[in-house]
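Student: Hi! Could you walk me through this one, a bit at a time? I'll throw in questions as they come up.

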Amino acid sequence: MSRYAHPAGPRHAEVLPEENPPSPPRDLARLDPRVWPATAGRGGADGELAVGGVGVRRLAAEYGTPLFVLDEEDFRRRARAYREAFSDAEADVYYAGKALLTKALVRWVHEEGLKLDVCSGGELTVALAGGMPPERIGMHGNNKSEAELARAVEAGVGRIIVDSFEEIERLERISAERGRVPKVLVRVTTGVEAHTHEFVATAHDDQKFGLALSTGAAAEAVRRVLACEHVELVGLHSHIGSQIFDTAGFEVAARRVTEFLTRVHRETGAELAELDLGGGLGIAYVSDDTPLEPEAIAKSLLSIVQRECDSHGLPMPRIAVEPGRALSGPAGITVYEVGTVKDVEGIRTYVSVDGGMSDNIRTALYGAEYTCALVSRAGGAEPVLSRLVGKHCESGDIIVHDLYLPSDVRPGDLVAVAATGAYCFSMASNYNHLPRPALVAVREGVPRTLVRRETEEDLLRLDVG
């Protein structure tokens, strides 16, 4: 037998979770309110799903599938909940635009009293085009280009989070040339490991973001910024990762950052007035997930920082947090049309839809879990273990690994995947030259296009060869 090829067998790569197979739900038609958008519900005799008062069959007919659908009221409620949770403190709430950003979302964020975090020149362009005042924008990025920094300085971006020694030098020169003095925070890595996927854990020392406390790099960065004439140091930034379900990691990080603030004050006399603790709080993708409510998050984070500052004799800094996924994630769903249903006898049923990894790479990239349901009708047949897959030329083109769908699911049915409002649209691609889906907002029975569907003409427009 070849060293490089062997018979795979019927269950190669553990396609069936034999050790702990999921149990079928009692009611396939039930929508867990922790997972689905606030206004989602089934109506009519056949149990069609509606979001924002608009049925999915109407949405599919008018806008096509795959289709990103965003519950505007859900997004706004979550934004207000975060703003109100921190309203009694000297605190700022930034929406992390990398999760999902359009001009309309920028307006919603501004109208709900939040600030906005961007991490590229393109995101800054959308933020400004959407009407966000530049002084209410924070700009991230581990490798900001000269052009991006120049644009941020010229626009008057409120906070620039510096991430390297090179950036400090670059920003000082750019600011001097333009006669500006931008306010900056130094991003520090605290050595706290968030219990999450390694690709979204961002506070351990061995990764690309920030300047480590443990090596002295953070202290050196502070000294360099304080020595600058055209850059003003106002605080520190710390982010420990994403999709986090408790604040224990924040407590350790806050302790280390406040100890560092004490050291900075002792050695330089500078009192840094701002502390940005980043974002990363998780959402419910499946019913077993247990995210914290904004009030609990605010109470915990503020008490942690206050306690640590008191213990070091420091004044309480102005706190900032950066929820992104926590606002847009639960507000979004993706609607697909079923094209092929293939039963692999004794294993599972493969349900293929008209999208896949080009509109949701997170399953392939992170092993993300999702909740999916038949939504064009309720369905009354017995549940069958299924796998929701896309149409791309990859065996890893999987959207939901293990789920139960009615055994009578058939071509032409509509299914929806919940909690796709964060990162799915942002990370969408044209793999296999599929045009990217439209993004539609729904509210009070009215749908409207936020970003139109790409066409094949769009694909050819940039192909000048």
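Student: Great, let's start with H433. Where does it lie?

Tutor: H433 sits in the loop between β19 and β20. Strands here are DSSP runs of E with at least two residues, helices are runs of H or I with at least four, and both are numbered from the N terminus. Keep in mind that this is a predicted model, where local features need pLDDT of at least 70, side-chain atom pairs count only at pLDDT 80 or more, and totals for chains, interfaces and linings use all residues. Residues are numbered from 1 along each chain as its sequence is written, and side-chain values use heavy atoms, with hydrogens and water left out.

Student: And what's phi of H433?

Tutor: Near 55 degrees, which is a positive value in a residue other than glycine.

Student: Is H433 buried or exposed?

Tutor: H433 counts as exposed, at 59% relative accessibility. The cut-offs are under 20% relative accessible area for buried and over 50% for exposed, with partly exposed in between, using a 1.4 Å probe and protein chains only.

Student: OK, and Y423, where is that found?

Tutor: Y423 is found in the loop between β19 and β20. Phi of Y423 is positive too, near 75 degrees, and Y423 is not a glycine. Y423 is buried, with a relative accessible area of 14%.

Student: Switching to rings: how many aromatic pairs are there?

Tutor: The count comes to 4 aromatic pairs. The rule takes rings of Phe, Tyr and Trp (its six-membered ring) with centres within 6.5 Å; planes under 30 degrees apart are stacked, over 60 edge-to-face, and the rest tilted. One of the pairs is F68 with F425, which is edge-to-face, with 5.7 Å centre to centre and 80 degrees between the planes.

Student: Which parts of the chain does that pair link?

Tutor: Distant ones: F68 is in strand β4 (residues 67-71), while F425 is in the loop between β19 (414-418) and β20 (438-443), 357 residues apart. Both F68 and F425 are buried.

Student: Which residues form an aromatic cluster?

Tutor: F75, Y95 and W108 form one. For a charge over a ring, look at R224, which lies over the face of F165 at 4.1 Å from the ring centre. That term asks for NZ of Lys or CZ of Arg within 6 Å of the ring centre and within 35 degrees of the ring normal.

Student: What joins T65 and P66?

Tutor: A cis peptide bond, with omega about -5 degrees. P66 lies in the loop between α1 (56-63) and β4.

Student: Now the empty space. How much lies in the second largest pocket?

Tutor: About 960 Å³. On a 1 Å grid over the protein atoms alone, a pocket is an open set of points with protein on both sides within 12 Å along at least five of seven lines, a cavity is a set where a 1.4 Å probe fits but cannot get out, and lining residues have an atom within 4 Å of a point. Grid points are joined across faces, edges and corners, and a volume is the space filled by probe spheres set on the points.

Student: What lines the second largest pocket?

Tutor: There are 34 lining residues, with S23, V286, S287, T371 and D402 nearest the centre. β18 gives the largest share, 7 residues. By class, the lining has 20 nonpolar, 6 polar and 8 charged residues. Here Ala, Val, Leu, Ile, Met, Phe, Trp, Tyr, Cys and Pro count as nonpolar, Asp, Glu, Lys and Arg as charged, and the others, Gly among them, as polar.

Student: Why does it lie between the two domains?

Tutor: Because domain 1 (23-71 + 330-451) and domain 2 (72-328) both give residues to its lining. The domain bounds come from an automatic or database domain assignment.

Student: And how many cavities of 30 Å³ or more?

Tutor: The count is 5. The largest cavity has a volume of about 90 Å³, and its lining has 14 residues, with Y94, R159, E274, D276 and A320 nearest the centre. β13 gives the most to that lining, with 3 residues. The lining of the largest cavity divides into 5 nonpolar, 2 polar and 7 charged residues.

Student: What about the second largest cavity, how much space lies there?

Tutor: About 60 Å³. Its lining includes Y82, G278, G279 and G280, and by class has 6 nonpolar, 3 polar and 1 charged residues.
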